[in-house]
Amino acid sequence: MNIENAQKQVDDWIKNHGVRYFNELTNMAQLTEEVGEVARIIARRYGEQSEKESDKNKDLGEELADVMFVVLCLANQTGINLQDAFEKKLDIKIKRDHDRHHNNDKLK
């Protein structure tokens with residue numbers, strides 16, 4: 001599945017099950033909430049905080065997918081072709097950062 005197909009799947013889901021897109025501000029708040037859930041899992045599972053019993057069964061993949069779903073919603077409702085945008089960004093990063101990280105002594 002590519003990003004363009006994922007955007008279409010989300011759009012189809014919204015049309016068939018979700019009635020309509022939440023407005024952009026609501027989706028931005030939802031995105032923040034979902035990123036917070038990812039941060040909580042990572043902080044407690046891989047960071048220095050202890051993991052609460054209630055968090056041990058949380059699925060990081062599912063939470064990352066929630067983030068992706070909301071990002072795809074935002075792209076759809078703002079007319080962004082995320083496939084094109086991602087490819088452009090990757091090209092920029094390849095050119096700009098080609099040697100940058102290899103020359104970073106902090107990463108050696």
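This is a short walk through the helices of one predicted model, helix by helix and then by how they pack.

I'll start with α2, residues 24–45. Does the length of this helix fit its residue count, and what span should its 22 residues give? At 1.5 Å a residue, we expect 32 Å, and the C-alpha atoms at the two ends are 31 Å apart, so the two figures agree.

At the start of α2, Asn23 places a side-chain oxygen within 3.1 Å of the backbone nitrogen of Leu25. Leu25 itself belongs to α2. Is Leu25 buried or exposed? Its relative accessibility is 71%, and the cut-off for exposed is over 50%, so Leu25 counts as exposed. For a sense of distance along this helix, take Leu25 and Arg40: they are 15 residues apart in sequence, and their C-alpha atoms are 23 Å apart.

Now the buried side of the list. In α2 the buried residues are Asn27, Leu31, Glu34, Val38, Ile41 and Arg44. Keep the helix repeat in mind here: with 3.6 residues a turn, residues three or four places apart point the same way. Part of what covers the buried residues of α2 is α3, residues 60–77.

That brings me to α3. Its 18 residues should span 26 Å at 1.5 Å a residue, and the end C-alpha atoms are 26 Å apart, so this helix agrees as well. At its start, a side-chain oxygen of Asp59 comes within 2.9 Å of the backbone nitrogen of Gly61. Just after α3, Gly79 has a positive phi of about 75°.

The buried residues of α3 are Leu60, Glu63, Val67, Val70, Leu72, Cys73, Leu74, Ala75 and Gln77. The cover over them includes α1, α2 and α4.

Leu60 is worth a closer look. It lies in α3. The cut-off for buried is under 20% relative accessible area, and Leu60 has 17%, so it is buried. What does Leu60 touch, once neighbours within four places in sequence are set aside? The contacts are Val38, Ile41, Ile42, Arg45 and Tyr46. Two of those names, Val38 and Ile41, also appear among the buried residues of α2. In the other direction, Leu60 and Lys93 are 33 residues apart along the chain, with 26 Å between their C-alpha atoms.

Next, how α1 packs, beginning with α3. The axes of α1 and α3 come within 9 Å and cross at roughly 85°, so the two helices are roughly perpendicular. From α1 the contact uses Ile3, Ala6, Gln7, Val10, Asp11, Trp13 and Ile14, and from α3 it uses Phe69, Leu72, Cys73, Ala75 and Asn76. By class, that is nine nonpolar, two polar and one charged residues. Of the α3 partners, Leu72, Cys73 and Ala75 are among its buried residues.

The last pair is α1, residues 3–18, with α4, residues 82–96. Their axes are 7 Å apart and the angle is about 150°. Which class does that angle fall into? Over 145 degrees counts as roughly antiparallel, so α1 is roughly antiparallel to α4. Ile3, Glu4 and Gln7 make the contact from α1, and Leu82, Gln83 and Phe86 make it from α4. The classes are three nonpolar, two polar and one charged. Ile3 and Gln7 of α1 take part in both contacts, the one with α3 and the one with α4.

Definitions and conventions:
Residues numbered from 1 in each chain as written. Predicted model: local features only at pLDDT ≥ 70, side-chain atom pairs only at ≥ 80, totals over all residues. Heavy atoms only, no water. Axes fitted to C-alpha atoms, helices over the stretch in contact; angles between N-to-C directions. Helix = DSSP H or I, 4+ residues; strand = E, 2+ residues; numbered from the N terminus. Parallel < 35°, antiparallel > 145°, perpendicular 65-115°, else oblique. Contact = heavy atoms within 4.5 Å. Nonpolar A, V, L, I, M, F, W, Y, C, P; charged D, E, K, R; others polar. Expected span 1.5 Å × (residues − 1). Buried < 20%, exposed > 50% of the residue type's maximum accessible area, 1.4 Å probe, protein only. Polar contact = N/O pair within 3.5 Å; in protein donor to acceptor, adjacent residues only side chain to side chain.
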